[in-house]
Amino acid sequence: MKTEGDSERYPITRLAVKRGCPVCAAVKHFQESLPKQLRAEEPTPLCNFHAWSLAKSAPAEVAASIFLGALRSKEWDTSPTSPSSCAACKKVHEEEITRLEEVTTELERPPIAEWLEQHAVFCLRHIHLLKKRVPAPLQEIIEKLRIENKAKLGAELEEFLRQSRHGDRTGGGVLGRAAEFLVAQRGILD
Ligand SMILES: [Zn+2]
Ligand SMILES: [Zn+2]
């Protein structure tokens, strides 16, 4: 069990130096602290994914209190819940927007501006969302990045495929990176 305080959030500038999409990394980190963000014993509708991840990984008392709250949620009296009514999904989406705003602000500052031009990796979801938020010159840089990220991943996948055909299946990390690039990090968003 993690013991980090509720307020701990990795700065986006720190996540940007790691491999992979920093918005995904921030949202994934938030998702891991989600049981703390949900108010226990309040009416809390949950989707399939979040109900099961609470059952599986939240501290037992926290999960039990949240489930008690969920049982009191009126949403379930009339119909099954879906990601659109899930309290956890809503919080994850809010965090995604906050983090996208943070990236948008940082993109014009030196260390991140440099990273953006040279080593940045974003998933397609966040590339498209960022492009809608930034001024034209940055849109061009992000579009260039999309093309480069895609080409690099394509080349790695081709190499992986070539090696697999010869019986060498090491280097499967590229499959995870391909999935993240296409649909964002695992399980963070519907
Ligand atoms: Zn992403
Ligand atoms: Zn959900």
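**Zinc site and helices in a predicted model**

From the N terminus on, the elements of the chain in this predicted model run α-α-α-α-α-α-α-α-α-α-α, and the chain has 11 helices and 0 strands.

User: What makes Cys21, Cys24, Cys123 and His126 donor residues of the zinc ion (ligand 1)?

Analyst: The zinc ion (ligand 1) is held by SG of Cys21, SG of Cys24, SG of Cys123 and ND1 of His126 at 2.0 to 2.3 Å, and since a donor is an N, O or S atom within 2.8 Å of the metal, these atoms count as donors.

User: Why is the arrangement around the zinc ion (ligand 1) called tetrahedral?

Analyst: The 4 donor atoms subtend angles of 96 to 120° at the zinc ion (ligand 1), and four donors count as tetrahedral if all angles lie between 85 and 135 degrees, so the arrangement is tetrahedral. For comparison, the ideal angle for four tetrahedral donors is 109.5 degrees.

User: How are the donor residues of the zinc ion (ligand 1) spaced in sequence, and what does the pair Cys24 and His126 tie together?

Analyst: The spacing of the donor residues is C-x2-C-x98-C-x2-H. Because Cys24 lies in helix α2 (residues 22-32) and His126 in helix α9 (residues 124-131), the pair ties together parts that are 102 residues apart in sequence.

User: Why do Cys24 and His126 count as buried or exposed?

Analyst: Buried means under 20% relative accessible area; Cys24 has 0% relative accessibility and therefore counts as buried, and His126, at 0% relative accessibility, counts as buried too. Across the chain, buried residues make up 37% of the 190 residues.

Definitions and conventions
Residues numbered from 1 in each chain as written. Chains lettered and ligands numbered in written order. Predicted model: local features only at pLDDT ≥ 70, side-chain atom pairs only at ≥ 80, totals over all residues. Heavy atoms only, no water. Donors = N, O, S within 2.8 Å, 3.2 Å for Na, K, Ca; no water. Tetrahedral: all angles 85-135°; square planar, octahedral: opposite > 155°, others 65-115°. Helix = DSSP H or I, 4+ residues; strand = E, 2+ residues; numbered from the N terminus. Buried < 20%, exposed > 50% of the residue type's maximum accessible area, 1.4 Å probe, protein only.
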